[in-house]
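Reader: Hi! I am new to reading protein structures, and I would like a close look at one part of this one. Here is what I have in front of me.

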Amino acid sequence: MPPVPPEQLLGLDARIRKVGKAGGSRGGKGAIVDSEKLFVGIDVGKYHVDMALSGESDVRQFKNDDGGIEEILRLLQGRSVGLVVLEASGGYERQVLASLLGASIPAVAVNPRQARDFAKALGKLEKTDAVDARMLARFAESVRPAVRPRPSEEIAEVQEWLSRRRQLVEMLTAEKNRTQHAKGGVLKDIREHIEWLKKRIRDNERELGDLLKDAPEWNAEVEMLDAIKGIGPVSALTLLAAVPELGTLNRKQIAKLVGVAPLCRDSGTLHGKRTCWGGRAEVRACLYMAALVATRANETIRTFYGRLLAAGKPKKLALVACMRKLLTILNARVRDHRAALATPRLGPS
């Protein structure tokens with residue numbers, strides 16, 4: 001007789017077990033599953049978004065503009081929404097996500113790789129917008145990724161300027177590489193473009209400085225991190241804007257979030273090498289350059305780096321360890337700084 005699927009079992013062996021009208025459901029391992037909550041998956045494209053609701057087979061399509069987003073909000077308004085999960089789509093999801101969070105609807109954008117792996121685990125090898133939306137709804141209900149707070153308009157603007165600065169720096173690097181083979185008029189044209197890019201980067205940094213003047217509390221944190229040797233003002237700004245969780249997590253959590261935590265690759269008797277992957281690429285790039293400078297200018301990091309090299313560790317491994325240690329220091333500084341501001345000061349009696 002073939003085994004009975006867990007969905008059809010009763011009692012303690014059931015995958016989902018009813019516990020009453022107001023109690024939701026409880027899985028065999030004790031996890032609470034609220035059957036009354038609505039979970040939503042939204043697959044975002046350049047021109048359209050596809051939305052699937054838990055418990056419904058239909059997939060609705062809306063335009064990815066102000067009118068389409070208003071229709072989505074009207075549809076979800078007043079309903080008990082447990083979570084909305086969107087797939088990060090090169091920035092096309094930002095307006096939808098910001099609108100949902102602004103309407104007090106819990107929503108989060110997840111890494112497309114994570115969502116695709118989840119779909120494959122469920123046997124969904126085909127990929128369409130409708131399938132992706134349904135899988136995101138199931139992902140929302142099963143995984144429940146944590147919702148990040150909505151960034152303020154000031155932080156969002158800083159993030160845009162920082163993103164633009166990275167683009168300019170990448171173009172500058174590419175043009176400098178082209179000068180090695182260019183000649184004559186082409187070389188002159190490239191050099192003129194290099195000067196223009198340098199001017200745009202200076203203007204960009206000036207704009208970032210003006211934004212900080214309008215946010216004194218945030219400016220204080222930038223100055224505090226900038227005081228750490230190896231960290232410059234742009235690096236400090238990048239870390240605070242791209243890692244809003246800084247100061248709220250412990251050292252292991254923040255290292256894993258950024259992508260500098262050594263992850264195990266063990267199976268049975270096999271003990272593989274620890275590797276770092278995932279996380280936030282722009283933050284790792286920023287930390288790499290900061291750690292490189294800190295191995296020369298920061299006494300704590302320099303001593304730590306030298307000790308690792310003396311122990312026979314490869315230079316790249318030692319440098320990643322320095323990135324992690326530097327991140328731990330920054331995380332502790334931000335935590336202590338905010339705790340000091342939150343502590344009420346006792347005046348003279």
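Are helix 7 and helix 8 parallel or oblique to each other? Please walk me through that part and what surrounds it.

Author: Happy to help! Before we start, keep in mind that this is a predicted model, where local features need pLDDT of at least 70 and side-chain atom pairs count only at pLDDT 80 or more, while totals for chains, interfaces and linings use all residues. Residues are numbered from 1 along each chain as its sequence is written, and side-chain values use heavy atoms, with hydrogens and water left out.

Now to your pair. Two packed helices are described by the angle between their axes and the distance between the axes. Helix 7 and helix 8 pack at about 125 degrees, with axes 8 Å apart. Here, axes are lines fitted to C-alpha atoms, for helices over the stretch in contact, and angles run from 0 to 180 degrees between N-to-C directions. Helix 7 and helix 8 are therefore oblique to each other; angles under 35 degrees count as roughly parallel, over 145 as roughly antiparallel, 65 to 115 as roughly perpendicular and the rest as oblique. Their crossing is right-handed, a word used if the near helix is turned clockwise from the far one by less than a right angle, with left-handed for anticlockwise. The helices themselves are DSSP runs (H or I, at least four residues), as are strands (E, at least two), numbered from the N terminus.

Which residues touch? On the helix 7 side they are W218, E221, V222, L225 and D226, and on the helix 8 side P233, A236, L237, L240 and A241, where contact means heavy atoms within 4.5 Å. By class, this contact has eight nonpolar, no polar and two charged residues. In that count, Ala, Val, Leu, Ile, Met, Phe, Trp, Tyr, Cys and Pro are nonpolar, Asp, Glu, Lys and Arg are charged, and the others, Gly among them, are polar.

Helix 8 also holds T238. With a relative accessible area of 9%, T238 is buried (under 20% is buried, over 50% exposed and in between partly exposed, with a 1.4 Å probe and protein chains only). Not counting residues up to four places away in sequence, T238 touches L162, V243 and C286.

Let us step back to the surroundings. L225, from the helix 7 side of the contact, is also, with I231 and L287, among the residues with the most contacts inside the largest nonpolar core, which has 44 residues. Such a core is a set of buried Ala, Val, Leu, Ile, Met, Phe, Trp, Tyr and Cys residues joined through side-chain atoms within 4.5 Å. Helix 7 (216-226) and helix 8 (233-242) are among the helices that each supply at least two residues of this core. The largest share, nine residues, comes from helix 12. Leaving aside neighbours within four places in sequence, L287 is in contact with L239, V258, M323, L326, L327 and L330.

Helix 12 also contains R335, which counts as partly exposed at 42% relative accessibility. R335 and L246 are 89 residues apart in sequence, yet 7.5 Å apart in space, C-alpha to C-alpha.

For another pair to look at, try helix 1 (residues 66-76) and helix 2, which pack at about 35 degrees with axes 10 Å apart. The crossing of helix 1 and helix 2 is right-handed too.
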